[in-house]
Amino acid sequence: MHSKIPSAIALLAAASLVGVGTATTASATVSGDGGDRIGTLRADGTAYVKEGGLSATWVEEALGVKQIVLAGDRIGILQVDGDAYVKEGGLSGRWVKEATDIKQLALSGDRIGVLKANGDAYVKEGGLSATWVKEATKVKELELSGDRIGIVKGNGDAYVKEGGLSANWVLEARDVTDIDLAGKRIGVLTGRGVAHVKEGGLSATWVKEATDIIQLELSKNRIGVLKDDGVAYVKEGGLSARWVKEATDIIQIALSGDRIGVLKANGDAHVKEGGLSARWVLEATDVTELSLS
């Protein structure tokens, strides 16, 4: 039997997608770092995860969910009541309650990050019961990747720190609605829908990637963007590599290693594995959020 969160109530998921950036709002990344897990949040608020091949069997994880996050062997969920839980190990592992009054959850390696409803951002490192470290206030988005932490403040300033949880913040860009981290890459989406990515140190030079963008995702040496006309593109290699058109009528894109996932406007979630021109596999229907580990 899979584990259920105590007293979880099945509620309709929020109409807006958690994890999908727009021109005016930003949420957590839904992309991974090359894992073999796929997570979906269905329209009734039920979270499912599968592990292994694209045709693996779904495991029901929890009810009443509004965000699902995957990283390595950890699964995190944010419930509609603002409670955040994380489990570690197998898909049927036991949930650990991490925090309350949360509006965004982030995972990377052995780090867990939460953004409180009041805009305070906290990160812990180590076990699921490690001590929280307060990172910043007046935050509207929190991102984790390796030993980097990224935030977007309420005024649109984006900062990244590297190293320990108490490292100093470096101002990366202004007028930012979404930030994404992957390895030594940092990506930002501006309020005008322009996507920029830098590679290397925190003071590396920005490269303009695309315009008219509503979502930006990074994973390893791939960059994915979703245009405001619903067309998804991915490039592989250097920051100036050529874009490949992946799909149309899309409302969300996710990347992880050699996997690409898209969520269609009709609620169908598709994932492909391998090259940029690999064939799509229909994973689930009636989906409101897709997440890759």
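This report walks through a pocket, a sheet, two unusual backbone angles and several salt bridges in a predicted model.

**The largest pocket**

Let us start with the open space. The largest pocket holds about 400 Å³. Its lining is made up of 31 residues, and those nearest the centre are Ser-31, Gly-32, Asp-33, Leu-107 and Ser-108. By character, the lining residues split into 14 nonpolar, 14 polar and 3 charged.

Which strands supply at least two residues each to this lining? They are strand 4 (65-71), strand 8 (102-108), strand 12 (139-145), strand 16 (176-182) and strand 28 (287-292). Strand 8 gives the most, with 5 residues.

**A sheet of four strands**

Strand 4, met above as a contributor to the pocket lining, also belongs to an open sheet of 4 strands. The order in this sheet is 4-5-6-7, and the pairing is antiparallel. Strand 4 and strand 7 (96-99) sit at the edges with a single partner strand each, so one side of each has no neighbour in the sheet. From one strand to the next, the twist averages 25°.

For a closer look at one pairing, take strand 6 (residues 84-88) and strand 7, which run antiparallel and are joined by 3 bridges. Here Ala-84 stands opposite Ala-99 in strand 7.

**Two positive phi angles**

Most residues other than glycine have a negative phi. Two lysines are worth a look against that background. Lys-138 is not a glycine, yet it has a positive phi of about 55°. This lysine is placed in the loop between strand 11 (133-136) and strand 12. Lys-138 is exposed, because its relative accessible area of 65% is over the 50% cut-off.

Lys-220 also has a positive phi, near 50°. Its place is the loop between strand 20 (213-219) and strand 21 (222-227). With a relative accessible area of 45%, Lys-220 is partly exposed.

**Salt bridges**

Side chains of opposite charge can pair when their charged atoms come close. The count here comes to 20 salt bridges, including these three:

| Salt bridge | N to O distance |
|---|---|
| Glu-125 and Arg-111 | 3.1 Å |
| Asp-157 and Arg-174 | 2.9 Å |
| Arg-192 and Asp-175 | 2.9 Å |

Take the pair of Glu-125 and Arg-111, joined by a salt bridge. Glu-125 lies in strand 10 (residues 121-125) and Arg-111 in strand 9 (residues 111-116), so the pair ties together parts 14 residues apart in sequence. Are the two partners buried or exposed? Glu-125 counts as partly exposed at 38% relative accessibility, while Arg-111 counts as buried at 2%.

Next come Asp-157 and Arg-174, whose side chains meet in a salt bridge. This pair links distant parts of the chain, 17 residues apart: Asp-157 is in the loop between strand 13 (148-153) and strand 14 (158-162), and Arg-174 is in the loop between strand 15 (170-173) and strand 16. Asp-157 is buried, with a relative accessible area of 7%, whereas Arg-174 is exposed, at 53%.

The third pair is Arg-192 and Asp-175. Arg-192 belongs to the loop between strand 17 (185-190) and strand 18 (195-199), and Asp-175 to the loop between strand 15 and strand 16, so parts 17 residues apart in sequence are tied together. Arg-192 counts as exposed at 65% relative accessibility, and Asp-175 is partly exposed at 34%. Finally, Arg-148, Glu-162 and Lys-184 are joined into one network by salt bridges that share partners.

Note on methods:
Residues are numbered from 1 along each chain as its sequence is written. This is a predicted model: local features need pLDDT of at least 70, side-chain atom pairs count only at pLDDT 80 or more; totals for chains, interfaces and linings use all residues. Side-chain values use heavy atoms; hydrogens and water are left out. On a 1 Å grid over the protein atoms alone, a cavity is a set of points where a 1.4 Å probe fits but cannot get out, and a pocket is an open set with protein on both sides within 12 Å along at least five of seven lines; lining residues have an atom within 4 Å of a point. Grid points are joined across faces, edges and corners, and a volume is the space filled by probe spheres set on the points. Ala, Val, Leu, Ile, Met, Phe, Trp, Tyr, Cys and Pro count as nonpolar, Asp, Glu, Lys and Arg as charged, and the others, Gly among them, as polar. Two strands pair if DSSP finds at least two bridges between them. Axes are lines fitted to C-alpha atoms, for helices over the stretch in contact, and angles run from 0 to 180 degrees between N-to-C directions. Buried means under 20% relative accessible area, exposed over 50%, partly exposed in between (1.4 Å probe, protein chains only). A salt bridge is a side-chain nitrogen of Lys or Arg within 4 Å of a carboxyl oxygen of Asp or Glu.
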